[in-house]
Amino acid sequence: MRMFNASHLEVKKYFTEDFQTQPYEAGWASEVIFFIMVEEISGEKPCLQARVQISHDGVNWCDEGTVSDPITSKGLHFIRVSHFGNYLRLDCRVAGESPSFKLNIQIACKE
Amino acid sequence: MHFLVLSVNYAYIYTFLTNSTMTDKSIILCRYRPLKQLLTFDVFDDGFNGWMEIMPNFCNGPDFEQSPSILSKDQWMPMMLSTSTYRYPGSHGSMSGQYSLKVSTRPVANRYEMMPAPGSMAHGIKRISFVRPDVHYLQFETWFAYTAEQDKCDNGGELPGLHENSIRAFGFGFDLQHGGNRYHCGTRYLNSVNGKLVKKWQFAYPWAKDDREWAYDTEGDWCRKGVDPYWFGKRFPDGRHQAFLDVPDGHQELCYNETDCKINWQYFRLLLDVKDWKYVEMQCQDRTFDLGGQPIHPSVPYHRIDGLMNPLCWVENDTNRRSFLYLDSVIVSQE
């Protein structure tokens, strides 16, 4: 039987500007999906784009190269990554005029 | 009661171990002093074992909203399986393997005498229930380590890259409901108060005068006096907190190594009398503290949860820097 665990990174939180998720240790897993659930969205042409970042120490970060499609609608979106070290996070860019996203972000890890 | 000598049910433990996939659990067990019946034996090299963060209750309309309260736990971080990996040494690993349970805060803090900043505290919990009507003693044991994030050097001081006083407190205990009462009981290590190292053990006992004072003078908050003592109860600049009292002779210098990226695994044990609802004793490293039969405060019961038994742990920041509490393994036992 395979090992699996899902944890919340943000829950029912409003975002109006760029942000990063908190460092998450996923070294035990070989594959990860970040689920991004948009519960509410408002503003003029609101757009959220998430890029995966990796770190050797949980403090210093660089882009891993995986970038989500532009997120412009309510509902469930995801971004997946399968080759990383230990620490993972999302670097999220929020664009548009007076944009607001109410988000649940979950990290699903599997070995 | 001073030093309770407790027998171990080896037949039960043998059965437990031979049914386990981890044959080296017998070695891990040797580091513990469990009561006769093991309820949980969690080694985090195996996985989370049901330990998770505590979150708000999403039961309100129109779309699973939180219950109104001065406390929102929506910024409390999730549990992780950690290799204790740092900037310079790389992975520290755990005591029993490579992974431990990591309880981490966000890098935020308020001064001690204020309400804790959202996310400045983190809390791990496992949810089980009472199994015997005649249980007399309940015990929590763990091997743990703690450190502060090695993020940046502070301004000034002799060792600006050592952050021991960024960790305000951590603790272990239970959330229980039995026989029509709710009980929050546990002990915490109060490490730092507004940057000043204190290093003493305290046990949970609410001394606020009523529910209103317990909730920072909020009328009608959902929380009742005695519930969630790690967060509720007013705090004062001298280190007093309406949720805790000092353990007699409870000062202890724990092992915080020469740099934030060296951690040492340390033993903790808390013994409770859950027949007469009293603290019996606690142990950390090689010191045992007599808790003198101090009463465990009965709070009003909550709906639908009689029989609830939740072992738990928590950690709190003293500065805007992440604090990490690691649990190598946990045993909850009773007799």
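Strands E4(A) and E5(A) form a hairpin with 6 residues between them, and A:Gly58 in the turn has a positive phi of about 80°. Strands here are DSSP runs of E with at least two residues, numbered from the N terminus. Please keep in mind that this is a predicted model, where local features need pLDDT of at least 70, side-chain atom pairs count only at pLDDT 80 or more, and totals for chains, interfaces and linings use all residues. Residues are numbered from 1 along each chain as its sequence is written, chains are lettered from A and ligands numbered from 1 in the order in which they are written, and side-chain values use heavy atoms, with hydrogens and water left out.

**Strand E4 and its partners**

Let's stay with E4(A) for a moment. Two strands pair if DSSP finds at least two bridges between them. The table lists three partners of E4(A), which itself covers residues 31-55 of chain A.

| Partner of E4(A) | Sense | Bridges | One bridge pair |
|---|---|---|---|
| E7(A), residues 87-110 | antiparallel | 21 bridges | A:Val52 with A:Leu90 |
| E6(A), residues 75-81 | antiparallel | 7 bridges | A:Ile36 with A:His77 |
| E5(A), residues 62-67 | antiparallel | 3 bridges | A:Gln53 with A:Asp63 |

As general background, side chains in a regular strand alternate between the two faces of the sheet.

**Cysteines**

A disulfide is counted when two cysteine sulfur atoms lie within 2.5 Å, and the count comes to 0 over all chains. A:Cys92 is in no disulfide, as its nearest cysteine sulfur, that of A:Cys47, is 11 Å away. For A:Cys109, the closest cysteine sulfur belongs to A:Cys92 and is 16 Å off, too far for a bond. Buried means under 20% relative accessible area, exposed over 50%, and partly exposed in between, with a 1.4 Å probe and protein chains only. A:Cys92 counts as buried at 1% relative accessibility, and A:Cys109 counts as buried at 0%.

**Aromatic pairs**

Now for the rings. Rings of Phe, Tyr and Trp (its six-membered ring) pair if their centres lie within 6.5 Å; planes under 30 degrees apart count as stacked, over 60 as edge-to-face and the rest as tilted. The whole structure holds 28 aromatic pairs over all chains. In one of them, A:Phe15 and A:Phe19 have ring centres 3.8 Å apart and planes at 20°, so the pair is stacked. Both of these phenylalanines, A:Phe15 and A:Phe19, are buried.

In chain B, the rings of B:Tyr146 and B:Tyr256 have their centres 5.6 Å apart and their planes at 50°, so this pair is tilted. B:Tyr146 lies in strand E11 (residues 137-148) and B:Tyr256 in the loop between strands E15 (244-251) and E16 (266-273), so the pair ties together parts that are 110 residues apart in sequence. B:Tyr146 is buried at 3% relative accessibility, and B:Tyr256 is buried at 13%. Both tyrosines belong to one aromatic cluster, whose members include B:Phe140, B:Phe170, B:Tyr189, B:Trp201 and B:Phe268.

**Charged residues in chain B**

A charge sits over a ring if NZ of Lys or CZ of Arg is within 6 Å of the ring centre and within 35 degrees of the ring normal. B:Lys102 lies over the face of B:Phe324, at 4.1 Å from the ring centre, while B:Arg188 lies over the face of B:Phe244, at 4.3 Å.

Another lysine, B:Lys199, lies in strand E14 (residues 196-204) of chain B. B:Lys199 is buried, with a relative accessible area of 6%. Not counting residues up to four places away in sequence, B:Lys199 touches several residues, among them B:Glu164, B:Tyr189, B:His251 and B:Glu253, where contact means heavy atoms within 4.5 Å.

Terms used
Helices (H or I, at least four residues) and strands (E, at least two) are DSSP runs, numbered from the N terminus.
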